[in-house]
Amino acid sequence: MLESPKRVELKQTLESLEPDIVYFLGERISGSEDIGPLELKDFNISTAQDLVSLFGERLPQLVGILLHTHFAL
């Protein structure tokens, strides 16, 4: 499990492991219906091409993204 990786770290890990399943976990701030980009430390994933650029020649069979709503107090 990688927590808040940089783009290069995530890309190298995905290319070396060639996983069948990749699961991203993120947060969404309450009060907004929009879902923004998936943010790494130094890279935002806002398009399908951005996501594909993280993988080598072999893409996983499943990519899951789960968003939790963060309620500001």
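**Close-up views of a predicted model**

**View 1. Asp50, a buried acid in helix 2.** Asp50 is found in helix 2. Helices here are DSSP runs of H or I with at least four residues, and strands are runs of E with at least two, both numbered from the N terminus. This is a predicted model, in which local features need pLDDT of at least 70 and side-chain atom pairs count only at pLDDT 80 or more, while totals for chains, interfaces and linings use all residues. Residues are numbered from 1 along each chain as its sequence is written, and side-chain values use heavy atoms, with hydrogens and water left out. Asp50 is buried (under 20% relative accessible area; exposed is over 50%, partly exposed in between; 1.4 Å probe, protein chains only). Asp50 nevertheless has no salt bridge (side-chain nitrogen of Lys or Arg within 4 Å of a carboxyl oxygen of Asp or Glu). The nearest side chain of opposite charge is Arg7, 7.3 Å away; Lys and Arg count as positive, Asp and Glu as negative, and His and the chain ends are not counted. Beyond its neighbours within four places in sequence, Asp50 is in contact (heavy atoms within 4.5 Å) with Phe43, Asn44 and Ile45.

**View 2. Asn44, a contact of Asp50.** Asn44 is found in strand 3, residues 44-45. Its relative accessible area is 40%, so Asn44 counts as partly exposed. Setting aside neighbours within four places in sequence, Asn44 is in contact with Pro37, Leu38, Glu39 and Asp50. Arg7 lies 37 residues from Asn44 along the chain, and their C-alpha atoms are separated by 9.0 Å.

**View 3. The largest nonpolar core.** A nonpolar core is a set of buried Ala, Val, Leu, Ile, Met, Phe, Trp, Tyr and Cys residues joined through side-chain atoms within 4.5 Å. The largest one has 11 residues: Leu10, Leu14, Val22, Phe24, Leu38, Leu40, Phe43, Ile45, Leu51, Leu54 and Phe55. Helix 1 and strand 1 each supply at least two residues of this core. Leu40, one of the core residues, is in contact with Pro5, Arg7, Leu10 and Ile45, leaving aside neighbours within four places in sequence.

**View 4. A salt bridge within helix 1.** The structure holds 2 salt bridges. One joins the side chains of Lys11 and Glu15, with N to O at 2.9 Å. Both residues lie in helix 1, residues 7-17. They are 4 residues apart, about one turn of the helix. Glu15 is partly exposed because its relative accessible area is 35%.

**View 5. A salt bridge between two loops.** Asp20 pairs with Arg58 in a salt bridge, and their closest N and O atoms are 2.3 Å apart. The pair links distant parts of the chain, 38 residues apart. Asp20 sits in the loop between helix 1 and strand 1. Arg58 sits in the loop between helix 2 (48-52) and strand 4 (62-70). Asp20 is partly exposed at 41% relative accessible area. Arg58 is also partly exposed, at 33%.

**View 6. The setting for the close-ups.** The protein has 2 helices and 4 strands. From the N terminus on, they run α-β-β-β-α-β. Of its 73 residues, 23% count as buried. Among contacts with a separation of 6 or more, 72% come from residues 24 or more positions apart. The protein exposes about 5,800 Å² (Shrake-Rupley method, 1.4 Å probe). Carbon and sulfur atoms supply 53% of that area.
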